[in-house]
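Work through the exercises below with the model open beside you. Each task is followed by its solution in steps.

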Amino acid sequence: MPEKLSPFHIAILVYMTQSGIVIFTLPRSLADYFGTNGWLVIIPCLLLSSFNIYLINLVFRLGKGRSIFEIMEQSVPKGILYPFYVCLTAVWLVFGCMIGKKYVLLFQMLAFPTTNPMLFKLAIDVLAFMMLIKGIYKMSNAVTLFFWMTIWMFGLLLWFFPSFRWARFTPFILHGGHDQVKGAVEVYAAYLGYELSILLFPYVNKSKGKKSMAAIYAGNVFLSFVYICLSLICFGFFGPGQLKKLLYPVLDLLAYIQLPFIERLENLLYGFFLFLVLVTVVMYWWAAQLTIQRIVPKMKTPVLLVILLGISYCISFVPKTLDQVNVWITNLGYAVTGIAFVLPLLLIMILLIQRKGGASHV
């Protein structure tokens with residue numbers, strides 16, 4: 001019998017999957033698209049993601065904890081499901097790939113401008129492979145360790161309190177922005193990752209089902225707390241006008257931390273963000289692996305992972321610059337957001353039809 005995930009591990013897993021590369025640009029996106037006090041937009045994003053988690057919770061309750069693949073395969077012909085599985089696999093695989101590529105390009109720009117970024121990308125892929133072959137339970141243990149290795153950085157925000165000014169917030173709310181609809185989608189992308197919890201049902205202890213579902217909410221709320229604190233500090237430290245001009249305000253913020261015995265501390269701190277990005281990448285690739293495994297169930301997991309990661313690595317050669325990678329992430333983010341909402345709704349419809357069919361049959 002496979003080991004089950006505890007609610008604590010689920011909460012950590014959800015938080016770590018959500019927090020990733022977007023954190024570097026989130027304050028600028030809030031200031032650029034929504035203007036003054038743009039940090040307030042995080043609150044509706046929290047409510048919308050919580051509603052999406054409610055839909056996932058509903059699938060868990062109606063399906064009595066069954067795998068989403070079992071639910072779909074009970075009612076939908078495989079001729080329709082297999083192309084759907086291939087699409088899901090492609091979106092999740094390439095989305096994870098591009099997140100890793102963006103981290104690598106930023107790392108190269110900051111620390112090793114003359115080194116081939118694909119060497120760093122290969123190293124990340126090997127780390128991801130070593131995590132993926134261990135299975136979700138051991139992955140969750142590693143993710144919990146990564147959480148404790150990175151959460152202390154949250155305390156660094158206290159460093160900026162002496163330079164924090166409430167006057168920089170101004171009394172105006174959401175003035176000076178543009179393209180709010182596009183901005184809302186981009187900001188909401190900072191929450192993506194929670195939707196993968198729909199794949200955790202078979203690994204949840206049924207006797208702790210309510211607590212496990214509550215853990216998904218807890219991870220999402222904790223992420224919002226981190227985002228709000230970080231955005232408040234950035235708005236109070238830089239002000240909305242200056243935030244709009246900064247490409248990666250969180251990196252600029254970290255550059256203000258100076259110690260007498262070490263230089264360029266931001267480069268060292270940036271290395272710790274690898275753990276957050278690695279978890280995001282691994283979870284999306286794990287979702288892709290689970291999905292495609294329904295088509296080739298007899299293929300051994302290590303072999304399947306080598307094929308998937310090999311395809312992903314080849315695709316990562318296509319975008320060369322950060323701008324090109326950002327375009328890929330933005331477009332794939334739209335697809336992932338659509339899947340996050342449409343997949344639970346489809347499953348709820350299937351489950352209601354199955355219940356109605358079962359009731360009429362009785």
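**Exercise 1. Count the cavities and describe the largest.**

Step 1. The structure holds 3 cavities of 30 Å³ or more. On a 1 Å grid over the protein atoms alone, a cavity is a set of points where a 1.4 Å probe fits but cannot get out. Grid points are joined across faces, edges and corners, and a volume is the space filled by probe spheres set on the points.

Step 2. This is a predicted model: local features need pLDDT of at least 70, side-chain atom pairs count only at pLDDT 80 or more, and totals for chains, interfaces and linings use all residues. Residues are numbered from 1 along each chain as its sequence is written, and side-chain values use heavy atoms, with hydrogens and water left out.

Step 3. For the largest cavity, the volume is about 270 Å³.

Step 4. Its lining counts 16 residues, and Ile23, Met153, Phe154, Val226 and Phe273 lie nearest the centre. Lining residues have an atom within 4 Å of a point.

Step 5. Two or more lining residues come from each of helix 9 (209–238), helix 11 (249–255) and helix 12. Helix 11 gives the largest share, 3 residues. Helices (H or I, at least four residues) are DSSP runs, numbered from the N terminus.

Step 6. Now sort the lining of the largest cavity by class: 15 nonpolar, 1 polar and no charged residues. Ala, Val, Leu, Ile, Met, Phe, Trp, Tyr, Cys and Pro count as nonpolar, Asp, Glu, Lys and Arg as charged, and the others, Gly among them, as polar.

**Exercise 2. List the lining of the second largest cavity.**

Step 1. The volume of the second largest cavity is about 40 Å³.

Step 2. Its lining is Leu13, Val14, Thr17, Gly193, Leu196, Ser197, Leu200 and Met283.

Step 3. Helix 1 supplies the largest share, 3 residues. By class, 5 residues of this lining are nonpolar, 3 are polar and none is charged.

**Exercise 3. Characterise the two largest pockets.**

Step 1. The largest pocket has a volume of about 620 Å³. A pocket is an open set of points with protein on both sides within 12 Å along at least five of seven lines.

Step 2. It is lined by 31 residues, and Lys102, Glu186, Asn326, Ile329 and Thr330 are the closest to its centre. Helix 1 (7–18), helix 2 (26–34), helix 5 (78–110), helix 8 (180–188), helix 12 (265–293) and helix 14 (322–361) each give two or more residues.

Step 3. Helix 14 provides the largest share of this lining, 8 residues. The classes are 15 nonpolar, 10 polar and 6 charged.

Step 4. Turn to the second largest pocket, with a volume of about 180 Å³. Among its 14 lining residues, Ser67, Phe69, Pro202, Tyr203 and Arg294 are the closest to the centre.

Step 5. Helix 4 (68–75) and helix 12 each supply at least two residues here. Helix 4 gives the most, 3 residues. The lining of the second largest pocket divides into 7 nonpolar, 3 polar and 4 charged residues.

**Exercise 4. Check the span of helix 13 and find its buried side.**

Step 1. Helix 13 (residues 301–315) has 15 residues, which should span 21 Å at 1.5 Å a residue. The expected span is 1.5 Å times one less than the number of residues. The end C-alpha atoms are 21 Å apart, which agrees.

Step 2. Leu304, Leu305, Leu308, Leu309, Ser312 and Tyr313 are the buried residues of helix 13. Buried means under 20% relative accessible area, exposed over 50%, partly exposed in between (1.4 Å probe, protein chains only).

Step 3. These residues cover an arc of only 165 degrees around the axis, so they sit on the same side of helix 13. The arc is that of the directions from the helix axis to the C-beta atoms.

Step 4. Their packing partners are helix 5, helix 6 (117–132) and helix 12. Contact means heavy atoms within 4.5 Å.

**Exercise 5. Place Tyr334 and Pro240.**

Step 1. Tyr334 is in helix 14. Its relative accessible area is 38%, so Tyr334 is partly exposed.

Step 2. Leaving aside neighbours within four places in sequence, Tyr334 contacts Lys182 and Val185.

Step 3. Pro240 belongs to helix 10 (residues 240–245). With a relative accessible area of 11%, Pro240 is buried.

Step 4. Leaving aside neighbours within four places in sequence, Pro240 contacts Ala31, Gly35, Thr36, Arg168 and Phe235.
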